[in-house]
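Let's walk through this one together, a piece at a time. Have a look at the fold first, then read on.

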Amino acid sequence: FLPDVRRPATTNWDFSVFKNFSVTEALRLQVRAEFFNFTNTPVFGSPNTAVNNRNFGRITGQANAPRQIQFGLKLLW
């Protein structure tokens, strides 16, 4: 265990956009799009800290998921 080993910085941008439409006086429709990890920036994992491992000091994994997009319709009454 090496407490002084640092990992790369974490940057994650989420983005959401939505639009409301009036269908009737009491009924509204909302159209939404949500983007998680909007810029698709990888966040690398921590370096390997096992001194006897051949990958010592190397970063071999990613700590976040790639960009995810979801769309939705919401009916409000």
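Arginine 32 is partly exposed, with 23% relative accessible area; that label covers values between buried (under 20%) and exposed (over 50%), worked out with a 1.4 Å probe and protein chains only. Before going further, note that this is a predicted model, where local features need pLDDT of at least 70 and side-chain atom pairs count only at pLDDT 80 or more, while totals for chains, interfaces and linings use all residues. Residues are numbered from 1 along each chain as its sequence is written, and side-chain values use heavy atoms, with hydrogens and water left out.

So who does arginine 32 meet? Its side chain forms a salt bridge with glutamate 34, at 3.2 Å from N to O. The rule here asks for a side-chain nitrogen of Lys or Arg within 4 Å of a carboxyl oxygen of Asp or Glu, and by that rule the count comes to one salt bridge. The side chains of arginine 32 and glutamine 30 are joined as well, by a polar contact of 2.8 Å. A polar contact is a pair of N or O atoms within 3.5 Å; within protein, one must be able to donate a hydrogen and the other to accept it, and residues adjacent in sequence count only if both atoms are side-chain atoms.

Now take glutamate 34 by itself. It lies in strand β2, strands being DSSP runs of E with at least two residues, numbered from the N terminus. Is glutamate 34 buried or exposed? Its relative accessible area is 16%, so it counts as buried. Besides arginine 32, glutamate 34 has a side-chain polar contact with the side chain of glutamine 70, at 2.4 Å. Setting aside neighbours within four places in sequence, glutamate 34 is in contact (heavy atoms within 4.5 Å) with Phe15, Ser16, Gln68, Ile69 and Gln70. For serine 16, the C-alpha atoms of the two residues are separated by 4.3 Å, although they sit 18 residues apart along the chain.

Glutamine 30 is also in strand β2, and at 7% relative accessibility it counts as buried. Which residues does glutamine 30 touch, not counting those up to four places away in sequence? They are Phe18, Lys19, Asn20, Gly72, Leu73 and Lys74. Two of these partners show how the strands line up: asparagine 20 stands opposite glutamine 30, and glutamine 30 stands opposite lysine 74 in β3.

That brings us to the sheet pairing. Strands β1 (residues 15-22) and β2 (residues 28-36) run antiparallel and are joined by eight bridges; two strands pair if DSSP finds at least two bridges between them. A hairpin of five residues leads from β1 to β2. On to β3 (residues 68-76): this strand runs antiparallel to β2, with nine bridges joining them.

At residue 28 of β2 you'll find arginine 28, which is partly exposed at 39% relative accessible area. Leaving out neighbours within four places in sequence, arginine 28 is in contact with Phe21, Ser22, Val23, Lys74, Leu75 and Leu76. Arginine 28 and leucine 75 are 47 residues apart in sequence, yet their C-alpha atoms are 6.0 Å apart in space.

Next, the loop between β2 and β3, where asparagine 37 is found. Most residues other than glycine have a negative phi. Asparagine 37 has a positive one, near 55°, and this residue is buried, with a relative accessible area of 4%. Asparagine 40 is in the loop between β2 and β3 too, and its phi is also positive, at about 55°. Asparagine 40 is partly exposed, though, at 37% relative accessible area.

Finally, turn to the surface. Trp13, Phe15, Val17 and Phe38 make up a nonpolar patch there, with about 420 Å² of accessible area together. Areas come from the Shrake-Rupley method with a 1.4 Å probe, and for residues only the protein chains shown count as cover. Patch members need over 30% relative accessible area and no salt bridge; nonpolar side chains (Val, Leu, Ile, Met, Phe, Trp, Tyr) are joined within 5 Å, and like charges within 9 Å. Among the members, valine 17 lies in strand β1 and is partly exposed, at 43% relative accessibility.

Methods
Helices (H or I, at least four residues) and strands (E, at least two) are DSSP runs, numbered from the N terminus.
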